[in-house]
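Visitor: I've got a model to look through. Could you walk me round it?

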Amino acid sequence: MMEAIDRNAVQQALNRFLQKDAYFHMETSTGSYRALEEPGQIATCAYIRNGVLHFLEGKITGEGPYQVGLKLKNGWLYSQGLTDWELTKDGKLLLGGYDGEGHLNIALQFSFTPFECGA
């Protein structure tokens, strides 16, 4: 179950993935889920699932909402607006950013095994 981000705990969890190939899921939305509830709402979304990253550095910053920056061999991956996290029993690191109404605005997740792909 996700809970409010504890920056030190998330940093420790991120460090487990340093210098290793890891699957990642990243999703951002300006209201895609809300648009399902409110017809006529224009929404934008970006989504990638089971991409593979090998990051050299990873850091969580901010006072909440939080940001995660990952230094890659040839660039950066950056996520902003993170509010909640979970480290699952099977070692997946799940980060999410929710608005005041509980709608998901951003998700960033890491795993050493592929994420399930539902239909």
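Guide: Let's start with Glu63 and Arg7, whose side chains meet in a salt bridge at 3.6 Å, N to O. For a salt bridge, a side-chain nitrogen of Lys or Arg has to lie within 4 Å of a carboxyl oxygen of Asp or Glu. One caveat: this is a predicted model, where local features need pLDDT of at least 70, side-chain atom pairs count only at pLDDT 80 or more, and totals for chains, interfaces and linings use all residues. Residues are numbered from 1 along each chain as its sequence is written, and side-chain values use heavy atoms, with hydrogens and water left out.

Visitor: How many residues apart in sequence are Glu63 and Arg7?

Guide: Glu63 sits in the loop between β4 (57-61) and β5 (66-72), while Arg7 belongs to helix α1. Helices here are DSSP runs of H or I with at least four residues, strands are E runs of at least two, and both are numbered from the N terminus. So this pair links distant parts of the chain, 56 residues apart.

Visitor: Is Glu63 buried or exposed?

Guide: Buried means under 20% relative accessible area, exposed over 50%, and partly exposed in between (1.4 Å probe, protein chains only). Its partner Arg7 has 34%, so Arg7 is partly exposed. Glu63 comes out at 71%, and therefore counts as exposed.

Visitor: Which residue forms a salt bridge with Lys92?

Guide: The structure holds 2 salt bridges. In the one with Lys92, the closest N and O atoms are 2.9 Å apart. Lys92 is buried at 14%, whereas its partner is exposed at 54%. That partner is Asp90.

Visitor: What about aromatics: how are the rings of Phe17 and Phe110 arranged?

Guide: A search of the whole structure finds 3 aromatic pairs, where rings of Phe, Tyr and Trp (its six-membered ring) pair if their centres lie within 6.5 Å. Planes under 30 degrees apart count as stacked, over 60 as edge-to-face and the rest as tilted. Phe17 and Phe110 have ring centres 5.7 Å apart and planes at 40°, so the pair is tilted.

Visitor: Which parts does that pair tie together?

Guide: The two residues are 93 apart in sequence. Both are at 0% relative accessibility, so Phe17 and Phe110 count as buried. The pair ties the loop between α1 and β2, home of Phe17, to Phe110's strand β9.

Visitor: And how are the rings of Phe17 and Phe112 arranged?

Guide: Phe112 lies in the segment after β9, 95 residues from Phe17. Their ring centres are 4.6 Å apart and the planes are at 25°, so this pair is stacked.
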